[in-house]
Amino acid sequence: QVQVVESGGGLVQAGDSLRLSCVASGRTSSTCAMGWFRQAPGKEREFVATINWATRSTRYVDSVKGRFTISKDNAKITMYLQMNSLKPDDTAVYYCALRSRVYCLNNLYLRTSDYDVWGQGTQVTVSS
């Protein structure tokens with residue numbers, strides 16, 4: 001079993017920065033990719049960013065390109081999301097997700113259905 005736990009959310013003003021963390025525990029040796037998704041009230045959960053665990057390749061949703069940076073620490077099995085120049089539209093619950101497979105491909109995964117393990121979410125609120 002693998003578990004992931006997010007942290008780092010909070011209430012900030014527009015233009016501020018936050019760094020989210022996601023720590024994985026359990027049987028993490030089959031981690032292929034990790035990603036960040038977010039869900040605003042009344043909206044569907046949407047893809048934000050992903051990182052391939054082997055290649056470190058990344059992908060972002062257009063709305064956060066140039067402002068958010070996804071990264072990872074292999075030793076700590078931790079993923080980060082550095083969020084700069086935050087906007088009120090970034091307000092949402094942010095979820096960490098992990099894809100686990102015996103054999104991993106060098107792909108980037110953008111769909112919620114691509115991931116097997118989800119965290120409980122951390123609230124990010126950006127005031128104008």
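The accessible surface of this chain comes to about 6,700 Å², and carbon and sulfur atoms account for 46% of that area. Keep in mind as you look around that this is a predicted model.

## The chain as a whole

What is the chain built from? Its secondary structure consists of eleven strands and zero helices, so as you read along the sequence you meet the pattern β-β-β-β-β-β-β-β-β-β-β. The radius of gyration is 14 Å, close to the 14 Å that the globule rule gives for 128 residues, so the chain is as compact as a globular protein of that length.

Here are some overall values in one place.

| Property of the chain | Value |
|---|---|
| Box filled by the C-alpha atoms, along the principal axes | roughly 45 × 30 × 25 Å |
| Share of the 128 residues that count as buried | 44% |
| Share of contacts with a separation of 6 or more that join residues 24 or more positions apart | 59% |
| Distance between the centres of the positive and negative side chains | 6 Å |

The charges behind that last row come from 15 positive and 10 negative side chains.

## A hairpin to find

Now turn to strand E7, which covers residues 68-73. Which residues of E7 lie on its covered face? They are Phe68, Ile70 and Lys72. The uncovered face carries Thr69, Ser71 and Asp73.

E7 pairs with strand E8, residues 78-83, in the antiparallel sense, and six bridges link the two. One residue of the covered face, Ile70, has Leu81 as its bridge partner in E8. Together E7 and E8 make a hairpin, with four residues between the strands. In the turn you can look for Ile77, whose phi is positive, at about 45°.

## A stop at Asp16

Where does Asp16 sit? Look in the loop between strand E2 (10-13) and strand E3 (18-26). Is Asp16 buried, exposed or partly exposed? Buried would need a relative accessibility under 20% and exposed would need over 50%; Asp16 has 33%, so it counts as partly exposed.

Leaving aside residues up to four places away in sequence, Asp16 touches Met83, Asn84, Ser85 and Leu86. The strand E8 that you met in the hairpin spans residues 78-83, and Met83 is among the residues that Asp16 touches.

For another landmark, try Tyr60, which is 44 residues from Asp16 along the chain. The C-alpha atoms of Asp16 and Tyr60 are separated by 20 Å.

Notes
Residues are numbered from 1 along each chain as its sequence is written. This is a predicted model: local features need pLDDT of at least 70, side-chain atom pairs count only at pLDDT 80 or more; totals for chains, interfaces and linings use all residues. Side-chain values use heavy atoms; hydrogens and water are left out. The radius of gyration is taken over C-alpha atoms; the globule rule is 2.2 Å times the number of residues to the power 0.38. Buried means under 20% relative accessible area, exposed over 50%, partly exposed in between (1.4 Å probe, protein chains only). Contact means heavy atoms within 4.5 Å. Accessible areas come from the Shrake-Rupley method with a 1.4 Å probe; for residues, only the protein chains shown count as cover. Lys and Arg count as positive and Asp and Glu as negative; His and the chain ends are not counted. The place of a charge is taken as NZ of Lys, CZ of Arg, CG of Asp or CD of Glu. Two strands pair if DSSP finds at least two bridges between them.
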